[in-house]
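Visitor: I have a protein model to look at, and I would like the reasons behind the labels. Please take me through them.

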Amino acid sequence: MKSLMDDLISLSQSAFLLGRNLGDSVLMLQELVHRYHKEDGVPKAAIKIDLEKAYDMVEWESLWVGMRWFPSTRGLRQGDPISSYLFIVVLEIFNGRMRKARKKSGFTFHPNCQQLGITHLSFAYDMIILVSADMTSFQVLKETLRVFGDLTSLKLNCDKSKIYFGSTPQELKKCVWEELRQREVKVPWTKWVCSRYEIARYGFVSWVLFHGKLSTKDRLLRWGMDVDPKCVFCSKMESQENLFFQCHFFARVWRLVLQKLGAYKVSLSCSQKREWCITTLRGRSFKKRLMQVAFMCAVYAIWQERNSRVFGDGQVSADIVYHTVVASVHGRASSWRHIKRSKENLRLYL
Ligand SMILES: [Zn+2]
């Protein structure tokens, strides 16, 4: 592997690689920031990035993106003998994203970096991003980190990241740093997907679904994998939106579930369904909790059925999937305590 790395990894990475000297990067960085205390010159910033999850668990999926041929069956953990090599391969994805970013209009290089094409330097555990301190460059950077995070699960940890400014007015410092730190707004479903009534295994698939991370075929295609793009149920292009909110298979299972819970009233358009699920399923009543668990069980059962069809392990009808869902909901709800044995609750449950 060592011999391959030199060709694979770009020059901005120097850790762990034979013939590359970490000291060179250190010297370069010193050179670039040594006039940071002066007031004159253009606004510039050096950001020491801390990546959450770094070295702990890099998804093998991202190695697919990085190298195309690593198996995608388990995570990469600190301490694996080749983990440091594989980790810098994953960081190579970041290098690729940054190469794209610097071509975007509005992105401005850190002074003295344009000619060398330097946007960042990575050391063993740390990465320093060098950029002009202006709003547009920071917006480009934020988007780049977001895409990198989506691909690899390595997210910017704002609390541990540090930023150093040179020749930057106070007000501008605040604005650009805020721009980078701004977190995504919490979405309303997190509460019930993560509630204690969930069934960990079932809830997990919904959690991944709402994060837009299920490995549906449209995503696999985007990663350059050779797959048949058709949905196994309806033959349209398989995406998360199709599989769980548009496809007739999901619609059938979900309609039966809602009918059983006495909640099926109007037929909703496809785009409304997702919204409806997110907003209507909120709440703590017995009925809402049953619906939440039913939704998670339905998503889980449909994902299972989809997988067994993709891998040729036979298939069952939507009605059978519905019965599996009902059985799972029963199993779960029977362990809940403090449920009022009212007529209404019993009717819902039985
Ligand atoms: Zn479909």
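Visitor: Why are H13 and H14 called oblique to each other?

Guide: Keep in mind that this is a predicted model. Helix H13 covers residues 286-310, and helix H14 covers residues 318-333. They pack at an angle of about 135°. Angles over 145 degrees count as roughly antiparallel, and 65 to 115 as roughly perpendicular. The angle fits neither range, so H13 and H14 are oblique. Their axes are 9 Å apart, and the crossing is right-handed.

Visitor: Which residues of H13 and H14 meet?

Guide: From H13 come Leu290, Val293, Ala294, Cys297, Ala298, Ala301, Ile302 and Glu305. From H14 come Val321, Thr324, Val325, Ser328, Val329, Arg332 and Ala333. The residues of this contact divide into 11 nonpolar, two polar and two charged.

Visitor: What makes H11 and H14 oblique to each other?

Guide: Take the angle again. Helix H11, residues 248-260, packs with H14 at about 45°. Roughly parallel needs an angle under 35 degrees, and roughly perpendicular starts at 65. The angle lies between those limits, so H11 and H14 are oblique. The axes of H11 and H14 are 9 Å apart. Their crossing is right-handed.

Visitor: Which residues make the contact of H11 with H14?

Guide: Phe249, Arg252, Val253, Leu256, Val257 and Lys260 are on the H11 side. They meet Ala318, Val321, Tyr322, Val325 and Val326 in H14. The split here is nine nonpolar, no polar and two charged.

Visitor: Now a single residue. How do you know whether leucine 32 is buried or exposed?

Guide: Count its neighbours. Leucine 32 has 20 C-beta neighbours inside 10 Å. Buried requires 20 or more. The count meets that cut-off, so leucine 32 counts as buried.

Visitor: Where is leucine 32, and what does it touch?

Guide: Leucine 32 sits in helix H2, residues 22-33. Leaving out residues up to four places away in sequence, leucine 32 touches His110, Asn112 and Leu130. Take asparagine 112. It is 80 residues from leucine 32 in sequence, but their C-alpha atoms are 7.5 Å apart in space.

Visitor: How much of the whole protein counts as buried?

Guide: Of its 350 residues, 29% do. The secondary structure comes to 15 helices and eight strands. Now take the contacts with a separation of 6 or more. Residues 24 or more positions apart account for 66% of them.

How values were computed: Residues numbered from 1 in each chain as written. Predicted model: local features only at pLDDT ≥ 70, side-chain atom pairs only at ≥ 80, totals over all residues. Axes fitted to C-alpha atoms, helices over the stretch in contact; angles between N-to-C directions. Helix = DSSP H or I, 4+ residues; strand = E, 2+ residues; numbered from the N terminus. Left-handed = near helix turned anticlockwise from the far one by under 90°. Contact = placed C-beta atoms within 7 Å. Nonpolar A, V, L, I, M, F, W, Y, C, P; charged D, E, K, R; others polar. Buried ≥ 20, exposed ≤ 12 C-beta atoms within 10 Å, placed from the backbone.
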